[in-house]
Amino acid sequence: MKSVRVWLLILCVMIIAMVALGGITRLTGSGLSIVEWQPILGAIPPLNQAAWQETFEKYQHTPQFKLLNSDMQLDGFKAIFFWEYLHRLFGRFIGLVFAVPFTYFLVTRKLRGRNAWRAGLGFVLGGAQGALGWVMVRSGLVDLPHVSHYRLAAHLMLALAVLSYLFHFWLELGETPPQKVADTPRLIIKLRILLALTVLQLTYGAFVAGLHAGYVFNTFPTMQGFWIPPGMLEREPAWRNLFENLTTVQFIHRGLAWLLLFGVLALAVQARRLRPPLLWVVLTICVQFSLGVATLLLTVPVALATLHQVGGCLLLLSL
């Protein structure tokens, strides 16, 4: 099983890298540069000037070009095409890294029975993630020059679900069971609550990204001097503010960050002894909180925002 565990761990690392690459693609405004979904033929980029011009002309019919990038020349298009192409190409590479060893492990019977089915489900989920990525991109090619933040959140959360699924599989295939941090049902319940809060926080992180809510209220700890900023209930009906109001979405994202930070620290104090897994949780939440604050104060630089996404992946896995 050692080779299977190495394979699963490589896939987990690649998925985290894929999430980071997706973040860069979004932050550089590159996600809508490729207007077709060709899982096989799309692996071949434009190879000559005529092919580049044809691809650029397809992009010129998109809302993003017409409304935001109408003065863009071919060289500028090549720059944004690069990140979206790399993102898609790396997704295909992950599929290859999954499929080839998976077939080998089936033939050699290193994967059989329940484990074979579990691994196969991981492959299906990965394929669904690719399809959902196109559904997300498609939403930005119709009327508005940006993707639906709901679809962006779904795309990210499915990626994190696949990551968590494979990581849990890797843990279960270990020679010894994972070390227990919580020895009482009460502590286990608290860990599960923190995990649920983390999933909710990651979802709101995607909302912040999709709505570009990180570019408003770039102060900390208050929001331009307000603990509870005005304008949080501007939309009708009121429930839409929870998901579509930039001010409210950022406020919730900040609040969940504080809840998670204090929740993890309180759990660590209660546990009395910081065993390695719990120590990792404490470290990741502190680093992730700091990255979030820095990203906000510096108005979402690409490098910090990408590291913030990676930190979210590591926090999820640690919990």
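**A chat about an all-helix model**

Modeller: Start at Gly29. It follows helix 1 and has a positive phi, near 65°. Helices here are DSSP runs of H or I, at least four residues, and strands are runs of E, at least two, both numbered from the N terminus.

Colleague: What kind of model is this, and how are residues numbered?

Modeller: This is a predicted model, where local features need pLDDT of at least 70, side-chain atom pairs count only at pLDDT 80 or more, and totals for chains, interfaces and linings use all residues. Residues are numbered from 1 along each chain as its sequence is written, and side-chain values use heavy atoms, with hydrogens and water left out.

Colleague: Back to helix 1. Which residues are in it, and what should it span?

Modeller: Helix 1 covers residues 2-27. Its 26 residues should span 38 Å at 1.5 Å a residue, and the end C-alpha atoms are 38 Å apart, so the two agree. The expected span is 1.5 Å times one less than the number of residues.

Colleague: How many helices and strands are there in the protein?

Modeller: Eleven helices and zero strands.

Colleague: How compact is the protein?

Modeller: As compact as a globular protein of that length, because its radius of gyration is 21 Å, close to the 20 Å that the globule rule gives for 319 residues. That radius is taken over C-alpha atoms, and the rule is 2.2 Å times the number of residues to the power 0.38. The C-alpha trace spans about 65 × 60 × 35 Å along its principal axes.

Colleague: New topic. Is Leu41 buried or exposed?

Modeller: Leu41 is exposed, with a relative accessible area of 59%. Buried means under 20%, exposed over 50%, and partly exposed in between, with a 1.4 Å probe and protein chains only. Leu41 sits in the loop between helix 1 and helix 2 (49-59).

Colleague: And Leu152, buried or exposed?

Modeller: Leu152 is buried, at a relative accessible area of 13%. It belongs to helix 6 (residues 149-172).

Colleague: What does Leu152 touch?

Modeller: Leaving out residues up to four places away in sequence, Leu152 touches Arg26, Met136, Val147, Ala206, Ala209 and Gly210. Contact means heavy atoms within 4.5 Å.

Colleague: How far is Leu152 from Ile10?

Modeller: They are 25 Å apart in space, C-alpha to C-alpha, and 142 residues apart in sequence.

Colleague: Last one. What share of the protein's residues is buried?

Modeller: Buried residues make up 44% of the 319.
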